[in-house]
Amino acid sequence: MKRILLVEDQRDMREQLAETLREEQYEVTEADGVQRGFWEFQKQQIDLCILDIGLPDGDGYELCRKIRACSAVPIIFLTASFEEEQVIRGLKMGAEDYIGKPFRLGELLARVEVQLKKVQGDRRKAYLTGELRLETGAYRIYKGEEELLVTPVEYRLCAELVRQKGRVVKREQLLEQIGVSMEGLEDNTLTVYISRLKKKLGTFGGKSYIETVRGFGYCWKCAVYER
């Protein structure tokens, strides 16, 4: 049974969400602030986090930073504001998705299901490319002996490009792969993820692993071997 950390300071909303998630057979750990939320996160195995932005002892961004410093668990933000600047800020910190208040419970459940399936649904194999090794079963990327700290979204983007080595992967296809649907923000969303991924991967032979093909998408440029 998957465990979800739900951090929301409005008690009525938190209890309603928790009840709905439990009805879908998720275990739910509730918290009403940054400190309590991070304490609960450290105490047990969490599979996905749902974080409110406005919290009484800080904000969801602060909690996201704390979690990202030690884990690549999927994070979905709840927010009453859909300002593009705030959304981009959260994505840069490593969140997988946003959902604005008020929202439909069915939509939230669908987004939770998408993120959890993406984390556990890859095949058991490894890809070797340049100095990198992608462990598909564990959703991990290694550069030599060093594990790179990547989020689930960054891993999925990298794996999709590696699987289609030499082909230009369209932006629409990559957006579908990462499971983020925010109308009007897709281009910026993908650009942020790819830019951050490029920095983490570094270069091989003096060149980036990922080539940007303007107006079309992205292409993995290094030879790939399956193990």
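Let's start with strands E9 (residues 132–135) and E10 (residues 140–143): in this predicted model, they run antiparallel and are joined by four bridges. If you want one pair to look for, take Leu132, whose bridge partner in E10 is Lys143.

E10 has another partner, too. Strand E11 (residues 146–148) pairs with E10 in the antiparallel sense over three bridges, and here Tyr142 has Glu147 in E11 as its bridge partner. What do E10 and E11 form, and how many residues are between them? They make a hairpin with two residues between the strands. Look at Gly144 in that turn: its phi is positive, about 65°.

Further along the chain you'll find an open sheet of three strands, in the order E12-E16-E15, with antiparallel pairing. Strands E12 (168–170) and E15 (210–213) are the edge strands, since each of them pairs on one side only. On average, neighbouring strands in this sheet are turned by 30° against each other, ignoring direction. E12 pairs with strand E16 (residues 217–220) over three bridges, again in the antiparallel sense, and Val168 finds its bridge partner, Cys219, in E16. Helix H6 (residues 152–163) packs on this sheet and touches E12, E15 and E16. The direction of H6 makes about 65° with that of E16.

Here are the strand pairs side by side:

| Strand pair | Sense | Bridges | A bridge pair |
|---|---|---|---|
| E9 and E10 | antiparallel | four | Leu132 and Lys143 |
| E10 and E11 | antiparallel | three | Tyr142 and Glu147 |
| E12 and E16 | antiparallel | three | Val168 and Cys219 |

Now for a pair of helices. Two packed helices are described by the angle between their axes and the distance between those axes. Helix H2 (residues 34–43) and helix H3 (residues 60–68) pack at about 20°, with axes 10 Å apart. That angle makes H2 roughly parallel to H3, because angles under 35 degrees count that way. Their crossing is right-handed.

Who meets whom? On the H2 side there are Val34, Gly37, Phe38 and Phe41, and on the H3 side Glu62, Leu63, Lys66 and Ile67. Sorted by class, this contact has five nonpolar, one polar and two charged residues.

One residue of H3 deserves a closer look: Leu63. Is Leu63 buried or exposed? With a relative accessible area of 0%, Leu63 is buried. Leaving out residues up to four places away in sequence, Leu63 touches Val7, Val34, Gly37, Phe38 and Leu51. To relate it to the hairpin, take Leu148: Leu63 and Leu148 are 85 residues apart in sequence, and 21 Å apart in space from C-alpha to C-alpha.

Conventions
Residues are numbered from 1 along each chain as its sequence is written. This is a predicted model: local features need pLDDT of at least 70, side-chain atom pairs count only at pLDDT 80 or more; totals for chains, interfaces and linings use all residues. Side-chain values use heavy atoms; hydrogens and water are left out. Axes are lines fitted to C-alpha atoms, for helices over the stretch in contact, and angles run from 0 to 180 degrees between N-to-C directions. Angles under 35 degrees count as roughly parallel, over 145 as roughly antiparallel, 65 to 115 as roughly perpendicular and the rest as oblique. A crossing is left-handed if the near helix is turned anticlockwise from the far one by less than a right angle, and right-handed if clockwise. Contact means heavy atoms within 4.5 Å. Ala, Val, Leu, Ile, Met, Phe, Trp, Tyr, Cys and Pro count as nonpolar, Asp, Glu, Lys and Arg as charged, and the others, Gly among them, as polar. Two strands pair if DSSP finds at least two bridges between them. Buried means under 20% relative accessible area, exposed over 50%, partly exposed in between (1.4 Å probe, protein chains only).
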